[in-house]
Structure formats: structure tokens, C-alpha cells
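Biologist: I would like a close look at one part of this protein, taken slowly and in order. Please start from a single residue and work outward from there.

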Amino acid sequence: MTDTLVLDAAERLFADQVTPALVNAAEKGEWPSDLWQSVEQAGFLDALAPGDQGFGLAGLPDALAILRASGRHAVPLPIAETMVARWLMDATGLGYPITPLTIAPVETTDVFDVVKEGGGWRLRGTASAIPWARNASHVVALATGGLFVLPSETLAIQHGANLAGEPRDRTVIDSSPHACERIKLPPEIDVSLVRCLGALCRAAQMAGALEASLALATQYANDRVQFGRPIGRFQAIQQQLAQFAEQVAAATVAVTASADAASAGDDLFFAAAIAKIRAGEASGKSADIAHQVHGAIGFTHEHRLHHLTRRLWSWRDEFGVESEWSIALGSRVAAQGAEAFWPSLTA
């Protein structure tokens with residue numbers, strides 16, 4: 001279960017420091033160093049890796065609660081990526097630097113080759129869009145041959161961005177055998193597991209952004225007067241907001257329930273699939289409603305709404321879209337056979 005003190009602390013910090021001006025500046029390429037220091041000092045980045053050097057995910061509910069809060073405020077930092085990178089390094093017995101980190105690969109199409117060369121190991125490959133690669137001190141990369149911690153200064157990074165203006169950099173990796181060390185991974189950890197963690201993190205961020213979008217739409221409907229009364233009193237708008245609230249509640253429950261289940265040792269793949277599918281579906285439907293309620297004002301750069309909806313559209317596509325997760329989940333359930341369907345559904 002989530003520690004409410006952690007959630008309240010994250011909410012207060014982000015509400016105080018993450019202003020629209022800061023988000024706009026970050027989207028133009030300005031690194032919010034003061035905000036990063038505050039997040040680091042608060043200990044949020046270690047929520048997933050408590051320092052016990054184990055494979056466990058006991059910290060997952062707190063980590064996802066922090067990410068929900070970050071999503072509510074469109075925090076322009078690699079919080080999720082640094083959390084997962086530190087967890088990986090902690091689980092393999094490595095110390096980690098107190099700097100921004102990121103992970104690779106993010107997409108299933110990005111595959112790294114590991115080659116034995118000159119008494120060492122060489123990692124080769126291209127990642128199409130590593131989150132925050134230009135700002136991270138190291139990229140924690142996974143391949144079939146193990147885990148590699150690569151200094152970002154040794155990589156060929158081409159700047160790119162998602163729809164929200166967050167760095168998503170094309171990165172060419174061709175490490176020297178002596179520039180990085182191959183770390184043997186525990187048998188429980190592989191690329192697919194890290195992708196599940198990434199999907200859970202994005203689902204939590206989307207749940208937070210959905211909550212904030214609903215609050216904005218509800219407030220605007222109560223404030224905007226048309227034909228002599230607030231538009232929120234019109235039945236059509238009330239119906240839209242009710243549907244909006246339904247989607248937000250479903251996404252939030254999916255994320256929190258998945259976090260609790262995975263932290264208790266249940267199937268991480270199942271938890272990640274449910275959370276990412278439901279949050280992705282809610283994001284598509286809810287962003288439409290949010291902009292319909294706001295009308296033209298919601299599309300202006302001066303309004304806060306676009307910070308949230310552009311992130312919903314972007315995060316929905318990262319670490320697997322809901323259709324991809326739905327196919328994978330359906331294939332796994334079908335492979336178990338008809339007799340296993342009901343027990344797996346109700347377990």
C-alpha cells in the first residue's frame with residue numbers, strides 16, 4: 001500500500017515548484033536543475049530501490065504514487081527512468097551516481113548486440129528514442145548478454161522530442177570493450193521485465209495527468225458562463241464530465257491495484273499490461289473530452305491543459321501502446337487454455 005506521507009510530500013513539492021513557466025522553459029531545452037536537486041534531496045528517486053540489493057518490488061506502490069503526482073504537474077524530469085535505472089543497479093549490487101539516469105531499450109524494435117572482443121564485451125545497436133539521453137549522465141542498457149552502464153558522453157546522441165517536448169533522443173551505441181563493464185543479471189531480470197516496469201511507470205504518469213485534466217475541465221465548466229449560466233449546468237456537458245470521471249477512476253484503480261499486486265509478488269507482466277491498457281484507453285477518450293469542454297481556449301499555449309494532454313498522447317505510445325499489450329495479454333491467456341481462464345481472471 002502507498003505511504004500517504006510520501007504522496008503528500010511529492011504533491012506539495014511539485015505544486016510549489018513546477019510552474020507553467022518552468023514546464024515551457026524545459027520544453028525549449030532548459031534543464032530545471034533546482035527542481036532536480038529538490039527531487040533528489042526528497043529521496044523520491046530511491047523509492048523503487050530502497051538499498052537492500054534485492055529483486056523485490058516492495059517500493060513499487062510508493063514509486064508509482066510519486067509518478068502519479070509528477071504526472072499531475074507535468075514534471076519535466078526523468079524521474080521514472082532514474083527510478084528504474086537505480087533499481088536495476090541496486091539489484092545487481094552496483095552503486096549508482098546521484099545524477100539523472102535513463103534506460104534502454106524502450107521499444108521492442110530496439111535490440112542491442114553483445115560481442116566478445118579483446119578480452120571484454122562490446123555493446124552495439126541503435127535506440128530510436130531514449131528518454132532524456134542528453135540530460136542523463138549514464139544510460140543503463142539491457143541486452144541478452146547482461147546489463148551495461150554507459151556514460152552518455154561516449155554515445156552518439158541525436159536530439160529528438162516527443163509531442164510534449166520531452167527529450168526522446170536517437171542514440172547510437174558502439175561501446176569500447178574497455179569503456180564499460182558487462183554486469184551479469186539475476187535470472188529474474190531481463191529486457192521484458194524492465195519494459196513492464198516502464199509501462200507501469202508511464203501508466204502512473206498518465207493516471208496523474210488524467211486527474212489534473214479532469215480537475216481543470218470541471219473548474220472551467222463551472223466558471224465558463226454561456227446563455228446566462230455555467231456550461232457545467234448543461235446536460236450534455238455534465239454527461240461528458242461524468243464519462244471523463246469514469247475513465248479517470250478506472251485508470252487510477254488499474255494503476256494502484258497493479259502496483260499493489262506486483263509489489264506482493266504477483267505476475268508483473270499481467271499487472272503492467274492491465275495498467276498500460278486501461279490508462280492508455282482512458283487517455284485517448286479523456287483528452288478528447290477535456291478539449292471539447294474547454295473549446296478553443298484549451299489549445300492555446302497559455303493554457304495549462306495542453307501540458308497535460310500532449311503528455312497523455314505521448315506517454316500512451318511509450319513502452320508499448322495498449323493494442324500491443326492487449327495482443328500480448330490475450331496470447332498469454334489463450335496459451336494457458338480455457339480451463340485456466342476463469343481462475344486467472346479471479347485470482
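Biologist: Which residues does leucine 142 touch, not counting residues up to four places away in sequence?

Modeller: A caution before the answer: this is a predicted model, and what follows is computed from it.

Leucine 142 is found in strand β4, which covers residues 138-143. Leaving out residues up to four places away in sequence, leucine 142 touches Leu88, Ala104, Pro105, Phe112, Leu147, Leu185, Ile189, Asp190, Val191 and Val194. The relative accessibility of leucine 142 is 2%, so this residue counts as buried, the limit being under 20%. A residue that is not a partner can serve as a contrast: glycine 165 is 23 residues from leucine 142 in sequence, and their C-alpha atoms are 26 Å apart in space.

Two of the partners lead on to helices. Leu88 belongs to α5, and Val194 belongs to α6.

Helix α5 runs over residues 79-91 and has 13 residues. From its first C-alpha to its last it reaches 18 Å, close to the 18 Å expected at 1.5 Å a residue. Of its 13 residues, 13 are buried, so α5 is largely enclosed by the rest of the structure. Just after α5 comes glycine 93, with a positive phi of about 85 degrees.

Next, the packing of α5 on α6. Their axes come within 10 Å and cross at roughly 150 degrees. Because that angle is over 145 degrees, α5 is roughly antiparallel to α6. The crossing of α5 past α6 is right-handed. On the α5 side, the residues that meet α6 are Ala80, Glu81, Val84, Trp87 and Leu88. On the α6 side, they are Leu193, Val194, Leu197, Cys201, Arg202 and Gln205. Leu88 and Val194, both touched by leucine 142, are thus also listed where the two helices meet.

The wider setting is the nonpolar core. In soluble globular proteins, nonpolar side chains tend to be buried together. Here the largest nonpolar core has 89 residues, and those with the most contacts inside it are Phe14, Val39, Leu64, Ile79, Trp87 and Leu88. Helix α6, residues 191-223, gives the most to this core, with 18 residues. There is also a second, separate core of 13 residues, which includes Phe112, Val139, Ala141 and Leu150. Leucine 142 therefore touches Leu88, named in the largest core, as well as Phe112, named in the second one.

Phe14 and Val39, also named in the largest core, point to another helix pair. Helix α1 (residues 4-17) packs with helix α3 (residues 33-42) at an angle of about 170 degrees, and their axes are 11 Å apart. α1 and α3 are therefore roughly antiparallel to each other. In α1, Leu13, Phe14 and Gln17 meet Asp34, Leu35, Ser38, Val39 and Ala42 in α3.

Finally, α6 can be followed away from α5. Serine 283, in helix α8 (residues 268-294), touches Met206, Leu210 and Leu312, not counting residues up to four places away in sequence. Serine 283 is buried, with a relative accessible area of 0%.

Glycine 320 lies in the loop between α9 (305-317) and α10 (322-336), and at 0% relative accessibility it counts as buried. Leaving aside neighbours within four places in sequence, glycine 320 is in contact with Arg195, Lys276 and Trp325. Glycine 320 and cysteine 196 are 124 residues apart in sequence, yet 9.3 Å apart in space, C-alpha to C-alpha.

Key. Residues are numbered from 1 along each chain as its sequence is written. This is a predicted model: local features need pLDDT of at least 70, side-chain atom pairs count only at pLDDT 80 or more; totals for chains, interfaces and linings use all residues. Side-chain values use heavy atoms; hydrogens and water are left out. Helices (H or I, at least four residues) and strands (E, at least two) are DSSP runs, numbered from the N terminus. The expected span of a helix is 1.5 Å times one less than its number of residues. Buried means under 20% relative accessible area, exposed over 50%, partly exposed in between (1.4 Å probe, protein chains only). Contact means heavy atoms within 4.5 Å. A nonpolar core is a set of buried Ala, Val, Leu, Ile, Met, Phe, Trp, Tyr and Cys residues joined through side-chain atoms within 4.5 Å. Axes are lines fitted to C-alpha atoms, for helices over the stretch in contact, and angles run from 0 to 180 degrees between N-to-C directions. Angles under 35 degrees count as roughly parallel, over 145 as roughly antiparallel, 65 to 115 as roughly perpendicular and the rest as oblique. A crossing is left-handed if the near helix is turned anticlockwise from the far one by less than a right angle, and right-handed if clockwise.
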